[in-house]
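Trainee: I want to go through the empty space in this one. Can we start with how the terms are used?
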Amino acid sequence: MGQRVNPTYRQRRFGAEVRKLREVAGLSVSESAELMGMRQSHVSAVEAGRTHLSSERLRRLAGAVSGIRAPYVDALEEMAQASGKGWWSAHRERVRPSLLDVAELEAGAQRMVSYEPTFVPVLLQTKAYVAANFKGGYARASPERREAEIEFRMRRQDVLVSENPPRFHAVIHEAALHPTFGNRAIMREQLIRLIGASRLPNVTIQVVPFDGPVPFGTSFTLVEPKVAELGTVVVPHIERSLYLGDADSLDRYNDWFANLCEVALPPADAAVRPEAHTVKDSLGLIQRLLYPLL
């Protein structure tokens with residue numbers, strides 16, 4: 001079997017986890033190759049995400065690590081065996097590979113947290129809001145590519161209402177809720193969409209108000225599968241997004257998100273009647289922003 005030319009994020013992450021296992025076990029590439037009955041070049045290709053590693057060899061390597069957790073090894077095995085196919089596969093020729101990677105991550109998530117200082121989180125955007133962002137954005141794309149990416153972005157949102165949806169917690173800075181893109185109806189519809197999304201039992205939305213602390217400047221999303229240590233932080237960028245999966249990054253971004261939750265207003269709860277609110281909260285701020293958009 002030939003080596004992969006452009007491995008997906010999942011394949012690269014599996015390779016990185018294999019390398020971590022080897023290093024924690026204190027093995028060199030040659031020693032791990034001998035342990036697993038492979039050539040050194042094969043081990044290097046696995047660690048680069050360019051080729052497969054059998055379950056038997058994976059478990060042989062994992063057995064050399066003292067105190068390794070069985071759920072982690074099971075999750076690694078599932079990662080190695082995954083086909084990478086899903087609803088996103090039909091879009092493979094129409095959108096950027098990085099978008100396919102994100103969709104695959106979301107499909108396997110049990111928990112997602114997202115912070116946005118400038119835009120509404122992708123999974124909560126209306127189609128008109130998405131289209132306005134593409135029209136006024138900096139990235140150039142053909143009309144065909146633009147329509148394909150709008151369609152793909154809207155399809156991603158189905159994960160929140162799937163059979164076993166992940167828990168999704170978004171913290172949004174108030175600055176993201178003011179742009180009207182030259183059409184107040186766009187943002188009005190978007191704010192109403194946020195209120196509606198807050199009614200979903202698996203969705204939590206908080207807003208950091210202008211009169212709060214200086215906002216954290218970079219958006220990020222942490223996608224956590226059933227084994228949290230295999231989570232990924234996605235830090236988007238117009239050129240190339242960062243995908244962070246090391247333990248230090250996961251801990252750091254979890255801490256940052258926890259701090260953001262503390263400084264944000266209490267979560268939006270559309271089930272609470274307006275007169276029942278006794279403190280300022282995220283729903284009240286969204287409703288206040290809605291009024292001038294009438």
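Mentor: Helices and strands here are DSSP runs numbered from the N terminus, with at least four residues for a helix and at least two for a strand. Lining residues have an atom within 4 Å of a grid point of the pocket or cavity. The model is predicted.

Trainee: Which element gives the most to the lining of the second largest pocket?
Mentor: That is α6, with four residues. The elements giving two or more residues are α1 (9-24), α5 (70-81), α6 (97-107) and β4 (220-224).

Trainee: What volume does that pocket have?
Mentor: The second largest pocket has about 540 Å³. Its lining counts 26 residues, and R10, M79, E104, G108 and P225 lie nearest the centre.

Trainee: How does the lining of the second largest pocket divide by class?
Mentor: Into 12 nonpolar, six polar and eight charged residues. Domain 1 (9-81) and domain 2 (87-293) each contribute at least three residues to this lining.

Trainee: Switching to cavities. How many are there of 30 Å³ or more?
Mentor: Two. The largest cavity holds about 50 Å³, and the second largest has a volume of about 40 Å³.

Trainee: Which residues line the largest cavity?
Mentor: R4, R10, Q11, F14, T51, H52, L53, M79 and A80. The largest share, three residues, comes from α1.

Trainee: And which residues line the second largest cavity?
Mentor: R96, L99, F134, E149, F152, R153 and R156. Helix α8 (residues 143-156) supplies the largest share, four residues. By class, that lining has three nonpolar, no polar and four charged residues.

How values were computed: Residues numbered from 1 in each chain as written. Predicted model: local features only at pLDDT ≥ 70, side-chain atom pairs only at ≥ 80, totals over all residues. Heavy atoms only, no water. 1 Å grid on protein atoms, 1.4 Å probe; cavity = no way out; pocket = protein on both sides within 12 Å on 5 of 7 lines; lining within 4 Å. Points joined across faces, edges and corners; volume = space filled by probe spheres on them. Nonpolar A, V, L, I, M, F, W, Y, C, P; charged D, E, K, R; others polar. Domains from an automatic or database assignment.
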